[in-house]
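Thanks for sharing this one. Here are a few friendly notes to read beside the model.

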Amino acid sequence: MQQLMKSVPNCTTFRLNMDIEKSSSSSFEDLTNADDTNDIRGTHAHVNESETSEADSAAVQSSSNSEDNAKQQEDDIDDEMECDILGNKQLIKRIIKKAPANAKRPNRGDLVTITYTGKLEDGTVVEKEERFQCHVGDFEVVQGLDMVLPMMHVGEVAQVSIDQRFGYGTIGLKTENPPETVIPPNANLIYELELVDVQYEDFADLKSFDVLRKYGARKKERANYFYKRVEYNNAIHLYRRALDYLDNRDGDPDAEFGKEDLELSNSDLQSLLEDRLIVYNNLAMAQIKIGAYDAALQSVEHVLRCQPNNPKALYRKGRVLEGKNDTQGAIKLLQKVATLEPDNRSVQSDLARLFIKARRDEHNEKEMYQKMLGQAKKMEQKTNVRQKAPLVDNSKLKLIGFLMGTILIGVAGVAIYRYKY
């Protein structure tokens with residue numbers, strides 16, 4: 001080992017001596033060797049630096065890629081969990097709890113059981129229902145929830161953000177007794193909604209008087225709610241849905257011919273009929289509000305066929321005839337209502353208004369006839385003048401002809417007289 005250590009400095013001394021000899025003999029070679037040495041060292045250093053920088057950049061790139069992938073995965077998860085249903089941020093559904101695999105999804109008309117809590121944006125709870133039952137698409141809950149239900153599965157819990165357009169709108173929600181504002185106008189709502197159960201109701205499920213009357217009454221009450229809010233189209237839809245249930249004909253296509261009607265007692269049939277006539281009366285009034293007079297006339301006729309002296313049906317028919325510009329027909333019907341309900345002040349007021357309108361219409365009609373007759377007389381006078389004008393011209397021509405003939409005869413007589421004498 002010592003011999004090796006001794007030999008190393010000798011080799012180093014030999015190389016140094018050789019470098020000195022080269023430098024003393026040729027400076028060009030020395031400079032060339034020095035530059036080559038520096039270039040080689042610089043190249044190695046540059047290569048090492050570039051390799052180091054490339055490794056560092058690769059590491060940074062890989063870390064950034066992993067971060068981007070992680071963010072993308074998070075965004076994908078958020079996209080799966082959150083859904084902008086309309087694409088305008090007015091109805092957003094975000095899944096809080098996923099439904100089990102192969103869970104059922106409700107369709108329009110299905111009976112669903114839901115639990116929900118509605119809050120304002122400041123967290124104030126304004127609505128809460130536990131295991132509430134409703135039919136999908138029948139406006140029995142706020143519109144935003146009704147639109148989201150067909151997109152959920154049984155067991156799913158979702159947060160639904162609803163713009164005021166699909167909530168309680170510009171009116172808000174008020175209680176009647178006592179009058180109190182529960183939800184202010186133009187309020188956005190946030191619901192936590194759980195779909196508990198879905199049930200498809202077969203015809204066999206509806207062959208019960210209690211079920212039919214319960215559903216019919218629920219649709220009617222909800223329709224009255226929309227009528228008070230001046231949302232007449234929704235009210236008309238629900239009145240029609242109430243009529244679907246308040247009927248002893250179940251519509252079962254598998255039933256035997258002639259045996260389709262439900263077997264109900266006379267009292268049950270009478271109850272269904274009375275509820276049905278009330279709904280027809282309300283339906284007619286909602287149709288009058290939107291100017292659907294022909295449809296409203298059909299609705300009141302259903303009532304009058306069963307109860308010819310029903311005051312509400314007669315009054316609504318009078319309103320329909322007024323809308324169809326049959327003022328005299330409307331007056332006759334309201335006079336009949338006034339005899340049936342002599343203390344009804346609204347009927348008396350409407351009768352007075354219709355009498356004034358009838359007089360005004362009669363006056364306008366007379367003026368129109370007078371104008372028409374006046375124009376006819378003027379036309380007749382113009383025609384007579386045109387017929388007399390040619391007669392005047394003919395008399396003038398005859399007079400001129402007579403004078404010319406007389407002059408010619410006189411001239412001829414003078415000429416003959418002079419010729420003779």
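The points below cover confidence, the repeats and two backbone angles.

1. This is a predicted model, in which local features need pLDDT of at least 70 and side-chain atom pairs count only at pLDDT 80 or more, while totals for chains, interfaces and linings use all residues. Residues are numbered from 1 along each chain as its sequence is written, and side-chain values use heavy atoms, with hydrogens and water left out.

2. The average pLDDT (the predictor's confidence in each residue, from 0 to 100) is 79, and 71% of the residues score at least 70. Among the elements (DSSP runs numbered from the N terminus: helices are H or I, at least four residues, and strands E, at least two), strand 5 (residues 157–162) has the highest mean, 97, and helix 1 (residues 2–25) the lowest, 38.

3. Please read residues 1–47 with care: pLDDT stays under 50 there, and the model gives this stretch three contacts (heavy atoms within 4.5 Å) beyond four places in sequence. Over residues 74–79 the pLDDT is also below 50, with zero contacts beyond near neighbours in sequence.

4. UniProt, in an unreviewed entry, lists "repeat: TPR" at residues 277–310 and 311–344; positions follow the numbering used here, feature names are shortened, and annotations may be inferred rather than shown by experiment. Residues 277–310 are 79% helix and 0% strand, with end C-alpha atoms 10 Å apart. For residues 311–344 the values are 79% helix, 0% strand and 10 Å between the end C-alpha atoms.

5. Most residues other than glycine have a negative phi. Arg-131, in strand 4 (residues 125–135), has a positive phi of about 50 degrees. Arg-131 counts as exposed because its relative accessibility is 54% (buried is under 20% relative accessible area, exposed over 50%, partly exposed in between; 1.4 Å probe, protein chains only).

6. Asn-325 lies in the loop between helix 8 (311–323) and helix 9 (327–340). Its phi is positive too, about 65 degrees, and at 65% relative accessibility Asn-325 counts as exposed.
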